[in-house]
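Colleague: I should be grateful for a close look at a single strand of this structure and at what lies around it. Please give one connected account, written for a reader at the bench.

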Amino acid sequence: MKKRVTSLLASTLLVTSVLAGCSGSGGNNNAEAGQTASPSGSATASATSGGDTNAGTEGGGAASNDKAFTIRAGAWFLDERAHQVAFRKAVEEGYKKLYPKATIQWDVTLGATYFDKLKAQFASDTAPDVTFYQTLDYAKAGNLLDLSGEPWVSRMSDAAKKDPSLVYEGKLYGAPGSGSIGGGIWYNKDLFDKMGIEPPKTSEEFLAASEKIKAAGKTPIALGFKDLWTANMFLMNWLQSYTFPSDADYGKKLYDGTVKFDDAVIQKVYQQVETMKGKGYFNKNALSIDWPQSAQLFASGEAAMIVQGPWMPASNVENIEKGGFDKFQIGFFPFMDDAGKSSMVFNSGTGLGINAKTKLVQESKDLVSLMVSPEIMGPWLEGEGGLPMFTDVNVQFTDPVMDTVKQYLDSGLTLPYGLSSFMPASSANAMIDVLTNVVSGVKFNPADLQAAQDAMNKDKATVVLPAS
């Protein structure tokens with residue numbers, strides 16, 4: 001069982017970063033993100049624009065602009081989609097203005113394989129000078145430079161400055177990438193309008209909407225729990241809205257042990273799922289299909305809602321086109337509790353860091369600064385369907401649902417971390433096991449949550465608490 005769900009939480013982050021705005025390449029915790037492949041697989045591609053000479057400035061002094069050198073930049077998501085190609089081109093052209101004789105070598109390995117490769121590269125002192133990453137393991141291991149004093153830090157949003165993927169022991173080790181929500185409920189707006197259903201604001205309204213959809217012969221919610229990260233997303237997002245709005249310290253209390261895993265609030269979410277299962281609000285094959293198959297149910301119009309991350313709008317458009325389904329406008333609302341309170345996770349989940357052993361210190365800092373500049377970051381985020389983590393970056397969304405997402409972020413409780421940030425991966429895995437049992441039809445038993453508590457007691461030392 002442990003092997004089956006290794007790095008379940010971290011895979012959610014990987015999926016978030018790989019699939020945000022996905023139209024072809026395609027999800028926070030302390031586990032290595034690269035252990036679980038992204039939904040699109042792990043094809044490998046290299047985009048190289050020069051040699052691999054690494055001559056440069058030692059120790060980060062003023063760089064000489066007229067020297068010839070090659071600087072390496074690593075990533076797992078810079079594929080051949082138009083906005084990714086445009087991003088690389090803009091970076092190369094901008095860097096040429098700073099260093100006319102420099103060459104950027106893009107060290108790209110698509111998908112989860114990248115993280116295994118990056119770990120090995122750091123171990124052998126062959127890692128790129130500048131690299132995108134996901135977990136703080138690299139900072140903890142001393143692989144990344146402290147970037148706390150860089151000029152662009154002042155441009156970062158408050159959420160970015162608390163991002164669990166960027167901050168470790170009070171220091172900033174990476175610039176934020178595409179800002180994204182940790183997940184939520186996407187719905188067929190055309191179908192809702194036809195049935196006269198308003199986006200629910202309470203859990204009671206959520207269940208009522210599901211009942212109305214079922215009565216109309218549709219599946220209320222499409223689940224693809226064969227991919228366990230989707231089960232993790234479903235559970236942790238609903239727990240987020242049942243816990244943090246009422247108690248901002250709930251996660252810390254769970255970590256300290258003053259709140260137990262069989263707490264009544266946590267039980268409430270499982271009880272809601274049990275009710276939904278009993279009433280037939282999930283597809284019958286919820287445990288045997290993966291996320292792409294559940295997305296097909298949604299795109300076809302057979303299911304009215306789906307719980308997924310920020311990549312869903314673009315992915316849905318692609319699925320409709322490929323499947324020949326009728327087009328519809330997608331809508332969004334967050335999970336909520338009985339009183340209508342909600343909380344959403346908003347962070348980058350991706351850092352852009354600098355190799356602590358690079359010989360091109362200043363050149364690397366200049367490259368990072370260029371990549372996060374408004375004129376380059378803005379167009380790239382539009383292509384990604386991502387939200388800005390810098391206060392001076394504006395993004396014009398082509399899909400109106402993203403404006404809806406932003407409205408929820410602006411009006412509710414938004415945190416850079418979820419409840420899973422306060423527990424070891426083993427505890428979250430145990431909670432997911434309980435969830436999948438309930439979805440399979442097993443009656444919920446609070447005693448089953450003891451496994452999550454035991455895992456917390458055993459693996460608590462592995463937790464790196466998010467910045468307060």
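**Strand β12 and its surroundings**

Modeller: In this predicted model, strand β12 is largely enclosed by the rest of the structure, because five of its five residues are buried. The burial concerns both faces of the strand. Ser 343, Val 345 and Asn 347 are buried on one side, and Met 344 and Phe 346 are buried on the other. This division follows a general pattern: in a regular strand the side chains alternate between the two faces of the sheet.

Two strands pair with β12. Strand β7, residues 180-181, pairs with β12 in the antiparallel sense over two bridges. Within β12, Phe 346 stands opposite Ile 181. Strand β14, residues 413-415, runs parallel to β12 and is joined to it by three bridges. Here Val 345 has Leu 415 of β14 as its bridge partner.

The loop that leads into β12 also deserves attention. Pro 334 is placed in this loop, between β11 (330-333) and β12 (343-347). With a relative accessible area of 6%, Pro 334 is buried, because the cut-off for that term is under 20%. Leaving out residues up to four places away in sequence, Pro 334 touches Ile 185, Ser 342, Met 344 and Tyr 408. One of these, Met 344, is itself a buried residue of β12. Pro 334 and Pro 199 are 135 residues apart along the chain, yet their C-alpha atoms are separated by 9.5 Å.

Ile 185, a contact of Pro 334, is also in contact with Met 305. Beyond its neighbours within four places in sequence, Met 305 is in contact with a list of residues including Trp 186, Tyr 187, Phe 192, Phe 206, Phe 298 and Phe 333. Met 305 belongs to the largest nonpolar core, which has 140 residues; Trp 152, Phe 206, Met 305 and Met 431 touch the most other members of this core. Helix α8, residues 228-243, supplies the largest share of the core, with 10 residues.

Phe 298, one of the contacts of Met 305, leads to a pair of packed helices. Helix α11 (residues 291-299) and helix α12 (residues 312-323) pack with their axes 9 Å apart and at an angle of about 70°. That angle makes α11 roughly perpendicular to α12. On the α11 side the contact is made by Trp 291, Ala 295, Gln 296, Phe 298 and Ala 299, and on the α12 side by Met 312, Ser 315, Asn 316, Asn 319 and Ile 320. By type, these contact residues comprise six nonpolar, four polar and no charged.

A further sheet may be described alongside β12. This open sheet of five strands has the order β2-β1-β3-β13-β6, with mixed pairing. Strands β2 (102-108) and β6 (175-176) stand at its edges, each with a single partner strand, so one side of each is left without a neighbour in the sheet. Strand β1, residues 69-75, runs parallel to β2 and is joined to it by seven bridges. In that pairing, Ala 102 of β2 is the bridge partner of Phe 69. Helix α3, residues 113-123, packs on the sheet and touches β1, β2 and β3.

How values were computed:
Residues are numbered from 1 along each chain as its sequence is written. This is a predicted model: local features need pLDDT of at least 70, side-chain atom pairs count only at pLDDT 80 or more; totals for chains, interfaces and linings use all residues. Side-chain values use heavy atoms; hydrogens and water are left out. Helices (H or I, at least four residues) and strands (E, at least two) are DSSP runs, numbered from the N terminus. Buried means under 20% relative accessible area, exposed over 50%, partly exposed in between (1.4 Å probe, protein chains only). Contact means heavy atoms within 4.5 Å. A nonpolar core is a set of buried Ala, Val, Leu, Ile, Met, Phe, Trp, Tyr and Cys residues joined through side-chain atoms within 4.5 Å. Two strands pair if DSSP finds at least two bridges between them. Axes are lines fitted to C-alpha atoms, for helices over the stretch in contact, and angles run from 0 to 180 degrees between N-to-C directions. Angles under 35 degrees count as roughly parallel, over 145 as roughly antiparallel, 65 to 115 as roughly perpendicular and the rest as oblique. Ala, Val, Leu, Ile, Met, Phe, Trp, Tyr, Cys and Pro count as nonpolar, Asp, Glu, Lys and Arg as charged, and the others, Gly among them, as polar.
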